[in-house]
Amino acid sequence: MSEQLTFPVESAALLEPRLPPKLDGEETSVSRPFVTLTFATSLDSSLSLAPGVRTRLSGPGSKAMTHYLRTRHSSILVGVSTVLADDPALNCRIARASSQPRPIVIDANLRWTPRRSDKVFDVCRSGDGLAPFILTGVDASDLPPASVELLHEHGGKYIHIPAARSGPTGRLRFNWHDILAALQGEHLASVMVEGGGQIINSLLDPAYHSLIDSVIVTIAPTWLGQGGVVVSPERVTDAGGSPLPVARLSHVSWHPFGEDVVLCGTLRQ
């Protein structure tokens, strides 16, 4: 079993106003899941040293905070690039946690071939996590039978949602409204969006700001340098073509956890 983490009660109290309401079970009558956008970044807004390179940024205190946040959400969401690069367990390691979040993997084009040895299935078999739900734009008839069987064996599944082809490569892309509708259909009351860069930048598009209920960012005291995976959404301009800020947080608070600082806020509409 992986190392069990603890998070001080007094620290948890500081974060409480930023978190989804506590519910008895996963059933909810709200129109969509509560969305928390959270990630760890360097001083130059990088998530990793380079695409596909696993990079540790969080210190022990902020790492425990992240796992505490997982205890307070029904699901955690990552993009397929994060799964391919990190082989994450996508579970919660807080000692005596009463429940585990459901991993959600965005894999519109079916790039990930799940394997029994993947950490997310290891923790599932040990009772320390749940199997993933994979959101894909690929039709059910085109899904690889072995992957479907492996997911079902562990309690996971593929979920097909509408997708549109975008960019010069013609890759399938999702709309965040459709993503959240799929989670709502699975009775998941809240989702913690953790990465990677493409996922975060797409959610920070002004078209989706109204979907984000809380932003919690860990800032590590390091510069990673050029060439990394950067949190920097696409530029927006006014009617005259002059650049405008894409987003700004309000109701901001800062909390030190060891050498890291955690920034909490709400996106201004």
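Colleague: Is Leu19 buried or exposed?

Modeller: Buried means under 20% relative accessible area. Leu19 has a relative accessible area of 6%, so Leu19 is buried. Keep in mind that this is a predicted model.

Colleague: Where is Leu19 found?

Modeller: Look at the elements on either side. Leu19 is in the loop between α1 (9-15) and β1 (34-41).

Colleague: Which residues is Leu19 in contact with, leaving aside its neighbours within four places in sequence?

Modeller: Contact means heavy atoms within 4.5 Å. On that basis Leu19 contacts Phe34, Tyr68, Leu69, Arg72, His73 and Ile216.

Colleague: How many residues apart in sequence are Leu19 and Val215?

Modeller: Compare sequence with space. Leu19 and Val215 are 196 residues apart in sequence. From C-alpha to C-alpha, they are 9.6 Å apart in space.

Colleague: Now a second loop. What does the side chain of Gln100 reach?

Modeller: Start with its place: Gln100 is in the loop between α3 (80-86) and β4 (102-106). Then look for N and O atoms within 3.5 Å, the cut-off for a polar contact. The Gln100 side chain reaches the backbone nitrogen of Cys92 at 2.7 Å. It also reaches the backbone oxygen of Asp128, at 3.1 Å.

Colleague: Which residues does Gln100 touch, not counting those up to four places away in sequence?

Modeller: Gln100 touches Asn91, Cys92, Asp128, Gly129 and Leu130.

Colleague: What does the UniProt annotation covering residues 33-263 say?

Modeller: The unreviewed entry gives "domain: Bacterial bifunctional deaminase-reductase C-terminal" for residues 33-263. In the model, this span is 23% helix and 29% strand. Its end C-alpha atoms lie 22 Å apart.

Key
Residues are numbered from 1 along each chain as its sequence is written. This is a predicted model: local features need pLDDT of at least 70, side-chain atom pairs count only at pLDDT 80 or more; totals for chains, interfaces and linings use all residues. Side-chain values use heavy atoms; hydrogens and water are left out. UniProt positions are given in the numbering used here, feature names are shortened, and annotations may be inferred rather than shown by experiment. Helices (H or I, at least four residues) and strands (E, at least two) are DSSP runs, numbered from the N terminus. Buried means under 20% relative accessible area, exposed over 50%, partly exposed in between (1.4 Å probe, protein chains only). A polar contact is a pair of N or O atoms within 3.5 Å; within protein, one must be able to donate a hydrogen and the other to accept it, and residues adjacent in sequence count only if both atoms are side-chain atoms.
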